[in-house]
Structures are given as structure tokens and as C-alpha cells.
Amino acid sequence: MPKLNLLEETRYEKLTVTVYPDQNIAAIQVAKRIAKIIINKQENSEPAVLGLATGVTPVGVYAELVRMHREEGLSFKNVITFNLDEYYPMKPTAAQSYVTFMNENLFNHIDIDKENIHIPDGTLPQNEIAQFCLTYEQKITALDGIDIQILGIGRTGHIGFNEPGSAPNSGTRLVTLDDLTRSDASRDFGGKENVPDKAITMGIGTIFKAREIILMAWNQKKADIIKKAVEGEISGIVPATYLQLSDHVEIILDEGAATALTRFDTPWLVKDCEWTNRLKKKAIIWLADTLGKPILKLTEEDYNNHGMAQLAVQQGPVYNINIDIFNRVQHTITGWPGGKPDADDSQRPERAEPPVKKVIIFSPHPDDDVISMGGTFIRLVDQGHEVHVAYQTSGNTAVWDDDVLRYMEFAIDFNKSIGDDHNRLTGIYNDMRQFFAGKLPNQIDTAEIREVKGFIRKSEAISAARYAGLPDDHIHFMALPFYETGKTRKDTAGEADIKLTIELLQQVKPHQIFAAGDFADPHGTHVACFHILLAALNRLKETEDWVRDCWLWLYRGAWHEFATYEIEMAVPLSPQQVISKRNAIFKHQSQKDRPVFPGEDAREFWVRAGDRNRETAHCYDQLGLAEYEAMEAFVRYEF
């Protein structure tokens, strides 16, 4: 069968899509395109009119433009900008305003004329907004339109703040924000209740008038909505699909954001494949799930009717393929996550030797360990391994203010009961109450408040780790400096974070490490902590022999779960073990009932964890494997 060309491979895609290895490379390429427009316009003594976006997505583009200005002399004197949107109402000096965002990320660092900057005004009386929006449109028209428009995409499919229901010919206007959009913004505002319910946005019709449109999306969190925008039918339910009506649009993605596109997710539907074991496992599980059949009941007709004829011809008969994949999935199941002593480990996910392993469970927040792998945690301890847990951050931003007062009141009452002086504590307590009374959304807490919030998370983590069976000297609180800013947006991880991690690793010299691989974490803490750990391990690998025999396992659970085909170790949990895991999670009382930052999933963390573990077990059962109450899943990471 001949190879398909790129046009056939991308036939599901209704927009031009370019995929880069990572978002940094992609952002640099977008910045270069913008710079080229600016320079060409300068050479012709014309203004360059840029349509700009806010949010996390374009930050790398702006950083590269700033670098080009500072290091390569790129001038913005001829640049005129129009931003897509602004919350309403919103003061330009507010931390959450897009005026503040643009100043901090771009305008304050380049030589643009401030009169050439246009951002919707969030301070207008509502009866003046219609005229403002009309004038905004007229200014763009007078400049002969926007040369290049930069877009991100929200999880509702919105571009700008054009929410579901927006018309393809809509202009700049005041809109009501979708509930999901407000939920996604809640962390920046210190709670959803503080997020404005309206915004002023450039319309889809206005965006269409740009001579070039680039929509960018990074990481797997955006993969599903990108698939809808690129491959779905045009619909007001997903406003980004309207971009299919333009001939001047390019979608620029990193590999994570592209994962749900057909050519990457199910490539056998569009091209001949090189059938690696991983791809074969993915395809067979996909086929079984699609048809609702156990693996061993799949037929040659099933393969042929679902784009997998090539696999059947090259590696068949299909029953042999089915048996091979069934065995591979079955061999991921183990009740011995630290390896089974004195057993044949050739078909097991972990080594048998050494029989007693030194283990470190790295937990980005103080509850990720028990939420994501509480059952495995307890089992490792029960099976006699030397288990340590390392809480990488204090988690002090995720505690309700009234919990601080409750604990302070307890401390004051206890001091009174034993006859100790409580005047200083009472003074601090009164200062806290006064601060909370005037606290603005996302305002940084005082040092004392941050300390108390950290102590609350610490005491809960100790209680949960003790419940799992750990002695106190195996419980480590790292308080990585990148997190200790008091802000919801954390600093970039640095050398101090890596050194602290190296010190702990050298102290324990583990045979086995468990770390959070849930990079869909909306706070970014998981991925930051993972990169710190990876940097530490890669440095130690150069000088210390024990690192070469150390295996790194990734867990998930708080936000998403691994796909079945990705799982390399599945640890089954009995009904009683599920209850034990739940009890460990319950030790984190400050996160119970209503966590401060729940993300898009309204379920409590213990409910999420239980549901996901049961879903994993159900997936195995549906494939024809043994039926378990629940399963925790892991993937080995080669470093």
C-alpha cells in the first residue's frame, strides 16, 4: 500500500496546522513572523498594526519580542496595537487587568509610543460602551485593518471573549462570560466569585478582517478543544470553528496541544504506520473500546473495517496480535509495586531485587501523594520497603482565610488554658482579622498568615503519612523556594530548588522514585516540581552510581489519569484498600468539602480519586482482564 502524502494525512483538518516540538520553539517562530512584519513596514515607512492577545499562551511570544528589542535592536516605534479584550468592569491598575498584563509582559520593555496602544476600557459607564466599541472598530478600519492577529483559545472554544453563541460577523461589544471561562479565571482573581461576569471583546467579524491570523495553543489541556476547532463542524457552540471560514488562518501548536488530532491520536485512520509495540497496544485498545469488545474477541473484519488492515497483513493473524497485546496489558498488573522478592520478574513491571527498596514519593502539594497513589503508598510500607515522602511545596496558598482564624483562636485558647501569655498571639490574630477585612482578590497574605497556612497543610500531611505507616523521620518538607512567593503565580524554579532536591536524593539514595506526572494540573506546580526533580537526577547521574539503578515512576489522579495504553504498572486495590486510601485523603481537612482551587472538576479530591481508580479498573475489565475494585496507574519515565 503506498504511503499517504501530507494532504491525505491531514484530511480531517479544516485549517492549516503547524506543530512544533515545544511551546518555546513555537513562540519564537511566531515572534519572528511578527518581527518580519514590523521590519517590512518600517522599510516602507508604514505602521505595523498588531492584534494582541493576553493569557498564558502568548507570554513566550512577548518575551521573545522583548529579547529581540533589547539584543537585536527591533524597534516598535512604528507599531500600533489593538488588544482583543478586557474584563468589565476592570480598573487598568488592577493586577488582573489586561492593561497590567500587557505592560508587564511587553509594553514596559519596548520603545512603543504609548499613544499607539489600544486596549478596551473596563472603566467606562455602561451607557458609553457601545460608542467606545464603534470607535474602536473605526480606528482599526482607518489604519486599513490589522496586519496580524494573535489568538489563544479557551476551553469553551472562545477566541477573544467571543463565547459560545457568538455570531461570525460580530463586532467589538460587551459580552457576558461563560461560567467555564469564569471558573478558569478564578485562580487569578482569588475565587470565581471575584471574576467579572462581563467583558469587552473584539468580535469574530473584526478578527476575520486581519490579513493574517495565528491561533496558538500549548499543552494537552487544550488538545480536545483544538480537535473540535480544527476538525469539527462549524458551529456557534465552538466559536473557534468559525476560523474555518477564513483563508488566512494558521493554527500553531506544541506537541501536547496536537495530541487529539486524528493524525496523531489515531494515525492508522489516515496513513500507513510503523507499528511499534506502543502504537500497536494503543491501536488494539482503541479498537476494543470503540467496538465494546474484549481484546481476545477482536476479528480480522474488525481490523479491516477500522483502518488497521495494514497491521493485520504485516503482523497477523490477528488472534496472535490480540494475545500479544492482552499479555502486555495483563503484565502491567501487580500487587507488588516495589517488586516481588524471590519471584520471576521478567514479566513484572518492577524488579524483584533488592527485595527491600529505598523509596521516595515526591508530592508537589501536601496531599498529592495520598490522592494519587495512597493505596500504593500504604502497600509499599506494608510490604516492608523503606518509604520516604517528600512534600515539595507548602501548599500555603490553598487554605481558606477563615481556617487561619480558627487555628489562631485554638492556639490562643490553649495558651490561656495552660496559663501562658497570649497577648502577642492575640495581637497577631487581631492584625490578621483586620487584614482579611480589607483583603483584595489575590492580594498576597502577610508573612504570619502564610506561615499559619503552611502549618495547617504540614500538620495534615504528617497525619496522612503517619496513617500510611511512616515514621516521622521519613516525612520531609522541602518548602521549595520557587513556591514561597505568596502569589498564585509562582516564580520560575531555580538553582536553590534543584540543590534542595539533590540533598534529599543524596541522603536517601532511592532505588525507586514516585513523582507527579499530572501536567494538566492547572496551577503549574506539578510540572515545575517534576522539572526540578529531573534536573537533580540528571546532575546526580553524572557522578553517582546509585542513580543509574534508580527507577522513576509517574503517577496521576488529582486532575487526569493515564490512558490505558500508556499504563506500565497498574496496582489493584481491594475494597478495604480503597477505604484506607480515602481515610488518608480525609486527613487533609483543609481541602475537604470545598478546596480553594478546585479547577474545572467540581468533585472533591477523594471523590475524583476514587472515581478515576474505579474507571481504570473498569477499563481493564472491559478489555477482558480480571475485574478489580479499583486500580492506581503508573508510567515509568526514562531519564
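So, helices H16 and H17. H16 covers residues 423-437, and H16 packs on H17 at an angle of about 100 degrees, with the two axes 10 Å apart. Angles from 65 to 115 degrees count as roughly perpendicular, and that's why we call H16 and H17 roughly perpendicular to each other. One thing to say right away: this is a predicted model.

Who's touching whom there? On the H16 side you've got Ile428, Met432, Phe435 and Phe436, and on the H17 side Glu448, Ile449 and Val452. If you sort that contact by class, you get six nonpolar residues, no polar ones and one charged.

Now stay with H17, which runs over residues 447-468, and look at helix H14, residues 368-382. These two pack at about 40 degrees, and their axes are 9 Å apart. That makes H14 oblique to H17. In this contact, H14 brings Val370, Phe377, Ile378 and Val381, while H17 brings Ala464, Ala465, Tyr467 and Ala468. What classes do those residues fall into? Eight are nonpolar, and there are no polar and no charged ones in the contact of H14 with H17.

While we're in this part, have a look at Asp403 in helix H15, which spans residues 401-417. Is Asp403 buried or exposed? Buried, with a relative accessible area of 10%. Setting aside residues within four places in sequence, Asp403 is in contact with Ile456 and Ser590.

Okay, on to the cores. The largest nonpolar core has 60 residues, and the ones with the most contacts inside it are Ile284, Tyr303, Phe362 and Leu505. Which helix gives the most to this core? That's H19, residues 525-541, with nine residues.

Let me zoom in on Tyr303. Again leaving out its neighbours within four places in sequence, Tyr303 is in contact with a whole list of residues, including Ile284, Leu287, Leu298, Met308 and Leu311. Val318, Ile321 and Asn322 are among the contacts of Tyr303 as well. Apart from this core there's another one, of 45 residues, and among them you'll find Ile38, Met68, Val195 and Ile214.

Next, a strand residue. Thr81 sits in strand E3, residues 79-83. Thr81 is buried, with just 2% relative accessible area. How far from His118 is Thr81 in sequence and in space? They're 37 residues apart in sequence, and 5.9 Å apart in space, going C-alpha to C-alpha. And Thr81 does touch His118. The other residues Thr81 touches, if you don't count residues up to four places away in sequence, are Leu50, Leu52, Phe107, Ile112, Asn116 and Ile117.

Quick word on cysteines. By the rule used here, the count of disulfides comes to zero. I'll mention two cysteines by name: Cys133 is buried at 3% relative accessible area, and Cys273 also counts as buried, at 7%.

Now for some backbone details, starting with cis peptide bonds. The bond from Tyr88 to Pro89 is cis, with omega near -10 degrees. If you want to find Pro89, go to the loop between strand E4, 85-88, and helix H4, 98-105. There's also a cis bond from Gly316 to Pro317, with omega near 10 degrees. Pro317 has its place in the loop between helix H12, 309-315, and helix H13, 318-330.

And then there's phi. Asp342 isn't a glycine, yet Asp342 has a positive phi of about 55 degrees. Where does Asp342 lie? In the loop between H13 and strand E11, 358-363. Exposed means over 50% relative accessible area, so at 77% Asp342 counts as exposed.

Asp593 is another residue other than glycine with a positive phi, near 70 degrees this time. You'll find Asp593 in the loop between helix H20, 575-586, and helix H21, 605-622. Asp593 counts as exposed too, at 58% relative accessibility.

To wrap up, if you're opening this model after the meeting, start with H17: H16 lies roughly perpendicular to H17, and H14 is oblique to H17. From there, go to the core of 60 residues, and then to the other core, of 45 residues. That's it from me.

Notes: Residues are numbered from 1 along each chain as its sequence is written. This is a predicted model: local features need pLDDT of at least 70, side-chain atom pairs count only at pLDDT 80 or more; totals for chains, interfaces and linings use all residues. Side-chain values use heavy atoms; hydrogens and water are left out. Axes are lines fitted to C-alpha atoms, for helices over the stretch in contact, and angles run from 0 to 180 degrees between N-to-C directions. Helices (H or I, at least four residues) and strands (E, at least two) are DSSP runs, numbered from the N terminus. Angles under 35 degrees count as roughly parallel, over 145 as roughly antiparallel, 65 to 115 as roughly perpendicular and the rest as oblique. Contact means heavy atoms within 4.5 Å. Ala, Val, Leu, Ile, Met, Phe, Trp, Tyr, Cys and Pro count as nonpolar, Asp, Glu, Lys and Arg as charged, and the others, Gly among them, as polar. A disulfide is a pair of cysteine sulfur atoms within 2.5 Å. Buried means under 20% relative accessible area, exposed over 50%, partly exposed in between (1.4 Å probe, protein chains only). A nonpolar core is a set of buried Ala, Val, Leu, Ile, Met, Phe, Trp, Tyr and Cys residues joined through side-chain atoms within 4.5 Å.
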